[in-house]
Amino acid sequence: MAAVIPGSPSCLAATGRFRSYSSAVFPPILFLGSNFSNTGTLSPLTSLTTSYGRATSGVVAAAPRKKYIEDDYLVKKVTAKEVEDLVKGKRSIPIVLDFYATWCGPCILMAQDLEMLAVEYEDNVMFIKVDTDDEYEFARNMQVRGLPTLYFISPDPKKDAIRTEGLIPKEMIKNIIDTEM
């Protein structure tokens, strides 16, 4: 059996040293209509159907092309071992740990917000992702039961980690980073 290291993610999960933020005050996301072409694949030039049955034509917005946004993602995907090393190591910035799955719709929506926040906070916050399908045991040990799940880990080992579950607005993520970390 592996030792539990104080301040590590497994210690946070084992001791329950995290607080949860509720996203219950935010309305659910509504998916209006479909965006599939005749071949069954997602097409960027299809009509969007509103909940009233009217079609609105247009192009699905692509990611903005700026000097900090590349073809590659800014938020790095890591393994459980890399997370342990990051949390145990010396650092002066907080970590936002995103547990996600590639098949999870809300995870994809939140990934867009996390990418924008990675640009906004650049060197002040480290955003990392853990694929729960690849790191099932680690996700289970971290008590990830719903997706997406975010952990906000302060550089101060005396502070508890903050945990959120479900799709939360970008403003709430910014508020946690600015006031709690």
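Two strands pair if DSSP finds at least two bridges between them. I start my notes with that rule, and I keep in mind that the structure here is a predicted model.

**Entry 1: strand β6 and its partners**

I looked up strand β6, residues 126-131, and found that 5 of its 6 residues are buried, so that I noted the strand as mostly covered. On pairing, I found that β5, residues 95-100, runs parallel to β6 over 6 bridges, and that in this pair Val-96 stands opposite Phe-127 of β6. I then turned to β4, residues 76-77, which also pairs with β6 in the parallel sense, over 2 bridges; here Lys-77 is the residue opposite Lys-129 of β6. Following the chain from β5 through helix α3, residues 105-121, to β6, I recorded a β-α-β unit that is right-handed.

**Entry 2: the nonpolar cores**

I next asked which residues have the most contacts inside the largest nonpolar core. This core has 17 residues, and the list I wrote down includes Val-96 and Phe-127, together with Leu-114, Leu-150, Phe-152, Ile-173 and Ile-177. At least two of the core's residues come from each of α3, β7 (149-153) and α5 (170-180), and the largest share, 5 residues, is supplied by α3. Taking Ile-173 by itself and leaving aside its neighbours within four places in sequence, I listed its contacts as Leu-114, Leu-117, Leu-150, Phe-152 and Ile-168. Apart from this core I found another one, of 16 residues, among them Val-83, Ile-95, Val-144 and Ile-153. As background I noted that in soluble globular proteins nonpolar side chains tend to be buried together.

**Entry 3: helix α2**

I looked up which residues of helix α2, residues 80-88, are buried, and I wrote down Ala-80, Val-83, Glu-84 and Val-87. Because these residues cover an arc of only 100 degrees around the axis, they lie on the same side of α2.

**Entry 4: Thr-132**

I closed with a residue outside the strands and helices: Thr-132 is found in the loop between β6 and α4 (136-141). Is Thr-132 buried or exposed? Its relative accessibility is 11%, and the cut-off for buried is under 20%, so Thr-132 counts as buried. Not counting residues up to four places away in sequence, I found that Thr-132 touches Phe-99, Tyr-100, Ala-101, Ala-139, Val-144 and Leu-147. Of these, I noted that Val-144 also appears among the residues of the 16-residue core.

How values were computed:
Residues are numbered from 1 along each chain as its sequence is written. This is a predicted model: local features need pLDDT of at least 70, side-chain atom pairs count only at pLDDT 80 or more; totals for chains, interfaces and linings use all residues. Side-chain values use heavy atoms; hydrogens and water are left out. Buried means under 20% relative accessible area, exposed over 50%, partly exposed in between (1.4 Å probe, protein chains only). Helices (H or I, at least four residues) and strands (E, at least two) are DSSP runs, numbered from the N terminus. A crossover is right-handed if, with the strands pointing away from the viewer, the path from the first strand over the helix to the second runs clockwise. A nonpolar core is a set of buried Ala, Val, Leu, Ile, Met, Phe, Trp, Tyr and Cys residues joined through side-chain atoms within 4.5 Å. Contact means heavy atoms within 4.5 Å. The arc is that of the directions from the helix axis to the C-beta atoms.
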